[in-house]
Amino acid sequence: MAEAARLHRHAANRYIAVHQVMWGVRYATGHGVPQNWVKAAQLFRLAADQKHAEAQFQLGVCFWLGKGVPQDLAEAARFYRLAADQKHARAQFLLGTCFARGEGVPQDVAEAARFYRLAAD
């Protein structure tokens, strides 16, 4: 187990997005490492910069909750949209919620419905 963790961490340090996301989730949840939202957000950003949809979604969650980064609903919606554009269903749903409530984006019921439909498909 320790060897596997070492190899995953090495891959994350080599800018392999999927490993950065995996380690980001570990730091966000405290699974096998001390919980550290700042480190989680940093790893999600590295992978998001490589256009990894799950990382973009997770970074959006960090901005939405203000975990590891200052809370910024507009930035959360921006990252949700990046992931949603790659057909990430949870990002589509949360972006729909942003539009429905007018949080981070102007309120737009039609856009909310569109993203809810995309998430459901």
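## Starting from Ala76

Leaving aside neighbours within four places in sequence, which residues is Ala76 in contact with? They are Gly60, Phe63 and Trp64. Keep in mind that what you're looking at is a predicted model.

Ala76 itself belongs to helix H5. Is Ala76 buried or exposed? It counts as buried, because its relative accessibility is 0% and the cut-off for buried is under 20%. There's also a long-range pairing to look up: Glu103 lies 27 residues away from Ala76 along the chain, and the C-alpha atoms of the two are separated by 9.5 Å.

## The chain as a whole

Zooming out, the protein chain has seven helices and zero strands. Walk along the sequence and you read α-α-α-α-α-α-α.

The chain runs to 121 residues, and 40% of them count as buried. About 6800 Å² of the protein chain is exposed, with carbon and sulfur atoms supplying 56% of that area. As for contacts, take those between residues at least 6 apart in sequence: 36% of them join residues at least 24 apart.

## H2 against H3

Now for the helix pairs. Helix H2 covers residues 17-29 and helix H3 covers residues 37-48. The two pack at an angle of about 160°, and their axes sit 8 Å apart. That angle makes H2 roughly antiparallel to H3, since anything over 145 degrees gets that label. The crossing of H2 past H3 is left-handed.

Who makes the contact? On the H2 side you'll find Ala17, Gln20, Val21, Trp23, Gly24, Val25, Tyr27 and Ala28. H3 answers with Trp37, Lys39, Ala40, Leu43, Phe44, Leu46 and Ala47. Sorted by class, the residues of this H2 and H3 contact come out as twelve nonpolar, two polar and one charged.

## H5 against H6

The helix that holds Ala76, H5, has a packing partner too. H5 spans residues 73-84, helix H6 spans residues 89-101, and they pack at an angle of about 140° with their axes 8 Å apart. H5 and H6 are therefore oblique to each other; roughly antiparallel would take an angle over 145 degrees. H5 passes H6 in a left-handed crossing.

From H5, the contact draws on Ala77, Tyr80, Arg81, Ala83 and Ala84. From H6 come Ala91, Gln92, Leu94, Leu95, Cys98 and Phe99. The class tally for the H5 and H6 contact is nine nonpolar, one polar and one charged.

## Two lysines with positive phi

A couple of loop residues deserve a look at their backbone angles. Lys51 isn't a glycine, yet its phi is positive, at about 70°. You'll find Lys51 in the loop between H3 and helix H4 (53-65). Lys51 is exposed, because its relative accessible area is 61% and exposed means over 50%.

Lys87 is the other one to check: again not a glycine, and again with a positive phi of about 70°. Lys87 is in the loop between H5 and H6. Is Lys87 buried or exposed? With a relative accessibility of 70%, Lys87 counts as exposed.

How values were computed:
Residues are numbered from 1 along each chain as its sequence is written. This is a predicted model: local features need pLDDT of at least 70, side-chain atom pairs count only at pLDDT 80 or more; totals for chains, interfaces and linings use all residues. Side-chain values use heavy atoms; hydrogens and water are left out. Axes are lines fitted to C-alpha atoms, for helices over the stretch in contact, and angles run from 0 to 180 degrees between N-to-C directions. Helices (H or I, at least four residues) and strands (E, at least two) are DSSP runs, numbered from the N terminus. Angles under 35 degrees count as roughly parallel, over 145 as roughly antiparallel, 65 to 115 as roughly perpendicular and the rest as oblique. A crossing is left-handed if the near helix is turned anticlockwise from the far one by less than a right angle, and right-handed if clockwise. Contact means heavy atoms within 4.5 Å. Ala, Val, Leu, Ile, Met, Phe, Trp, Tyr, Cys and Pro count as nonpolar, Asp, Glu, Lys and Arg as charged, and the others, Gly among them, as polar. Buried means under 20% relative accessible area, exposed over 50%, partly exposed in between (1.4 Å probe, protein chains only). Accessible areas come from the Shrake-Rupley method with a 1.4 Å probe; for residues, only the protein chains shown count as cover.
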